[in-house]
Amino acid sequence: MPSVLVVEDDQFVRSALIRHLTEASHTVRSVGTALEALREVAHFRFDLVILDLGLPDLDGSEALKMLRGITDVPVIIATARDDESEIVRLLNDGADDYLTKPFSVEHLSARMAAVLRRARSAGGEAPPPRVIRVGGLAIDPLRRQAELDGTALDLTRREFDLLTFLAGRPGVVVPRKELLAEVWQQSYGDDQTIDVHLSWLRRKLGETAARPRYLHTLRGVGVKLQPPAPERPA
């Protein structure tokens with residue numbers, strides 16, 4: 001049963017979408033602002049996001065870029081705008097499909113089915129990954145679970161992806177450009193995005209940039225994850 005987030009500020013359109021998706025056996029959550037959408041994807045797992053562009057707090061195109069900074073969930077843009085150059089720009093910015101209002105529920109269902117098929121196909125190309133262990137860290141990419149010294153870590157999707165990518169290369173300094181390409185699926189971006197996620201991840205690992213245990217930043221070079229050095233006897 002696919003889980004869908006509807007981001008739409010028009011209450012009439014929002015209610016119609018919720019009703020249609022619920023009748024089609026989807027699990028639905030809905031919000032009316034970009035900031036609410038960002039909070040939702042940071043705390044819940046979705047199979048698909050339907051994103052309106054005319055949001056009251058932030059233009060949907062900017063919301064799309066921010067969503068792409070924290071999740072790779074498929075996004076269908078739903079809006080009254082029909083400018084071709086804007087459509088191309090949004091697809092290049094990470095949208096998976098685009099629907100111009102008004103549209104029929106049958107059209108929406110067909111587009112959703114196509115996007116979900118592509119997402120499942122892409123996700124099925126790799127074999128089931130093994131559990132990755134680095135020091136006291138145990139990361140299960142298949143179940144998307146991580147533990148530190150036997151205690152489960154409560155990670156957002158992007159934090160988990162970042163930790164898993166670095167843990168798969170223990171002791172290797174990974175350039176920021178590579179992190180953007182592999183974890184965020186972006187060829188370029190703001191280094192601050194990486195810094196913020198590293199800061200959140202360090203906090204959950206019980207360390208700081210000044211006193212690192214697992215995550216080490218080499219200024220101007222990149223980031224590496226390695227097991228903590230054994231404590232010297234007193």
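This section walks through selected strands, helices, residues and nonpolar cores of a predicted model.

A good place to begin is strand E1, which spans residues 3-7 and is mostly covered, with 5 of its 5 residues buried. Side chains in a regular strand alternate between the two faces of the sheet. In E1, Ser-3, Leu-5 and Val-7 point one way, while Val-4 and Val-6 point the other way, and all are buried. The chain then crosses from E1 through helix H1 (residues 11-23) to strand E2, making a right-handed β-α-β crossover. E1 and E2 (residues 27-31) pair in the parallel sense over 5 bridges, and within this pairing Leu-5 has Arg-29 of E2 as its bridge partner. E1 also runs parallel to strand E3, to which 4 bridges join it. Here the bridge partner of Val-7 is Leu-51 in E3.

Following E3 leads to a residue that carries an annotation. Asp-52 sits in the loop between E3 (48-51) and helix H3 (60-70), and an unreviewed UniProt entry places the feature "modified residue: 4-aspartylphosphate" at Asp-52. With the cut-off for burial at under 20% relative accessible area, Asp-52 counts as buried because its relative accessibility is 6%. Leaving aside neighbours within four places in sequence, Asp-52 is in contact with Val-7, Glu-8, Asp-9, Gly-60, Ala-78, Thr-79 and Lys-101. Val-7, one of these contacts, is the E1 residue whose bridge partner in E3 is Leu-51.

Helix H5 (residues 105-123) offers another buried position, Val-115. The relative accessible area of Val-115 is 2%, so this residue is buried. Its contacts, again leaving aside neighbours within four places in sequence, are Leu-48, Pro-74, Ile-76, Asp-96 and Asp-97. For one of these partners, Ile-76, the C-alpha atom is separated from that of Val-115 by 8.3 Å, although the two residues are 39 residues apart along the chain.

Further along the chain comes helix H6, formed by residues 157-167 and containing Arg-157. H6 is mostly covered, as 11 of its 11 residues are buried. Charged residues are included in this set: among those buried are Arg-157, Arg-158, Glu-159 and Asp-161, together with Phe-160, Leu-162 and Leu-163. For Arg-157 the relative accessible area is 18%, and the residue is therefore buried. Beyond neighbours within four places in sequence, Arg-157 is in contact with Arg-45, Phe-46, Ile-70, Thr-71, Asp-72, Val-73 and Arg-144.

In soluble globular proteins, nonpolar side chains tend to be buried together. The largest nonpolar core in this model has 27 residues, and Leu-163, Leu-179, Leu-205 and Leu-225 have the most contacts inside it. At least two residues of this core are supplied by each of strand E6 (132-134), strand E7 (137-140), strand E8 (145-148), H6, helix H7 (176-182), helix H8 (191-205) and strand E12 (222-225). H6 provides the largest share, 6 residues. Not counting residues up to four places away in sequence, Leu-205 touches Leu-137, Leu-148, Leu-153, Leu-163, Arg-213, Tyr-214 and Leu-215. Apart from this core lies another, of 23 residues, including Leu-38, Leu-55, Val-75 and Leu-90.

Note on methods:
Residues are numbered from 1 along each chain as its sequence is written. This is a predicted model: local features need pLDDT of at least 70, side-chain atom pairs count only at pLDDT 80 or more; totals for chains, interfaces and linings use all residues. Side-chain values use heavy atoms; hydrogens and water are left out. Buried means under 20% relative accessible area, exposed over 50%, partly exposed in between (1.4 Å probe, protein chains only). Contact means heavy atoms within 4.5 Å. UniProt positions are given in the numbering used here, feature names are shortened, and annotations may be inferred rather than shown by experiment. Two strands pair if DSSP finds at least two bridges between them. A crossover is right-handed if, with the strands pointing away from the viewer, the path from the first strand over the helix to the second runs clockwise. A nonpolar core is a set of buried Ala, Val, Leu, Ile, Met, Phe, Trp, Tyr and Cys residues joined through side-chain atoms within 4.5 Å.
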